[in-house]
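Reader: Could you take me on a close look at the empty space in this model? I would like to hear what lines it.

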Amino acid sequence: MNDRSVKTAVVTGGGHGIGRALCRRLAENRVKVVVADIDGDAAATVAAEIDGVAKKIDVSSEEAVGELVADVETEIGAIDMFISNAGVGFGDGDSGAISAEGGMISTKDRWGLCWNVNVMAQVYAARAVIPRMLERGGGYIVNIASAAGLLSQIGDAAYSATKHASVGFAESLAINYGDDGISVSVVCPQAVATRMIGIEDDSDGVAGGFGGNEVDGILQPAEVADIIVDQALSGRFLILTHPQVATYFQRKASDYDRWIGGMRRFRRSLAK
Ligand SMILES: NC(=O)c1ccc[n+]([C@@H]2O[C@H](COP(=O)([O-])OP(=O)(O)OC[C@H]3O[C@@H](n4cnc5c(N)ncnc54)[C@H](O)[C@@H]3O)[C@@H](O)[C@H]2O)c1
């Protein structure tokens with residue numbers, strides 16, 4: 001499959017941030033884009049801008065994800081690319097990595113929400129769409145994880161653990177279905193200028209980030225979307241929008257204990 005053969009794509013979390021930029025980039029390539037988001041107004045705004053289709057959905061419901069896939073295939077056409085981009089992060093509460101509640105963004109069950117949105121929603125999407133893609137002989141699955149899924153996000157244990165699970169699930173998909181024409185990509189960015197790191201959509205501000213994730217610079221969603229779409233279409237599994245992450249990942253693998261020591265030092269430096 002190449003760029004031109006992607007006619008229909010679904011982007012979850014398409015109402016804001018990286019998802020919105022992915023919708024715009026795909027629409028530039030004449031792809032019919034389904035903008036799926038729990039924020040129905042934001043999805044409608046993006047869909048109107050790109051002549052796409054808005055769907056209000058909570059991706060943590062398997063039933064809703066199944067209905068989304070079935071409805072899109074009936075109403076619009078075969079889904080050639082499904083991008084599971086919706087994600088949440090709350091920050092550790094007062095008790096640090098063991099806390100149940102959220103810190104920076106208040107919630108009582110940050111672990112449950114992170115598992116359901118960052119991991120299970122990607123499982124539900126794959127379950128719903130891969131059998132259809134297999135029947136057609138191929139398709140693209142693009143799952144947005146995070147550099148925290150290869151390394152760690154200081155100050156957010158639930159985010160780090162669930163993003164590792166997202167990477168692990170994408171590996172299994174690639175190994176299981178790669179021979180059958182399913183191209184699987186997992187995306188592991190560091191800081192991107194979105195609401196997730198405290199930067200509003202379309203704001204000029206570049207001050208944001210937390211827990212040191214901004215250390216290598218904050219990319220704009222549009223640059224990240226270009227990298228993701230180009231590399232997914234070229235069939236790359238691991239998409240690193242911030243190339244330094246490859247070096248950090250190699251250092252971690254080559255001496256895990258030393259890497260943990262370095263991260264402790266980094267955490268202490270952030271607390272000063
Ligand atoms: N911004 C960063 O620095 C950064 C870095 C690495 C990875 N990521 C990942 O990128 C992805 C996109 O995040 P973003 O930075 O654009 O943040 P964002 O908060 O701007 O966008 C997230 C989108 O997901 C939607 N969403 C949240 N829960 C949902 C649900 N249950 N059902 C449907 N939609 C839901 C939100 O409404 C929003 O439109 C996430 O998976 C995030 O973890 C972001």
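Author: Happy to: what follows looks at the cavity and then turns to a pocket. Please keep in mind that this is a predicted model.

Let us begin with the enclosed space. Searching the whole structure turns up one cavity of 30 Å³ or more. The space in this largest cavity comes to about 40 Å³. Its lining is made up of Thr12, Val59, Val65, Phe82, Ser84, Ala86, Val117, Ala121, Gln122 and Ala125. Two or more of these residues come from each of β4 (81-84) and α4 (110-136). The largest share belongs to α4, which gives four residues to the lining of the largest cavity. As for chemical character, seven residues of that lining are nonpolar and three are polar, with no charged residue present.

Now for the open space, where the second largest pocket is our stop. The volume of the second largest pocket is about 330 Å³. Its lining has 15 residues, and those nearest the centre of the pocket are Ser152, Gln153, Ile154, Gly155 and Arg267. If you trace the helices here, α5 (157-177) and α8 (256-271) each provide at least two residues of the lining. Of the elements, α8 gives the largest share of this pocket lining, with five residues. The chemical make-up of the second largest pocket is a mix: six lining residues are nonpolar, five are polar and four are charged.

To put the two side by side, the lining of the largest cavity holds no charged residues, whereas four charged residues help line the second largest pocket.

Definitions and conventions: Residues are numbered from 1 along each chain as its sequence is written. This is a predicted model: local features need pLDDT of at least 70, side-chain atom pairs count only at pLDDT 80 or more; totals for chains, interfaces and linings use all residues. Side-chain values use heavy atoms; hydrogens and water are left out. On a 1 Å grid over the protein atoms alone, a cavity is a set of points where a 1.4 Å probe fits but cannot get out, and a pocket is an open set with protein on both sides within 12 Å along at least five of seven lines; lining residues have an atom within 4 Å of a point. Grid points are joined across faces, edges and corners, and a volume is the space filled by probe spheres set on the points. Ala, Val, Leu, Ile, Met, Phe, Trp, Tyr, Cys and Pro count as nonpolar, Asp, Glu, Lys and Arg as charged, and the others, Gly among them, as polar.
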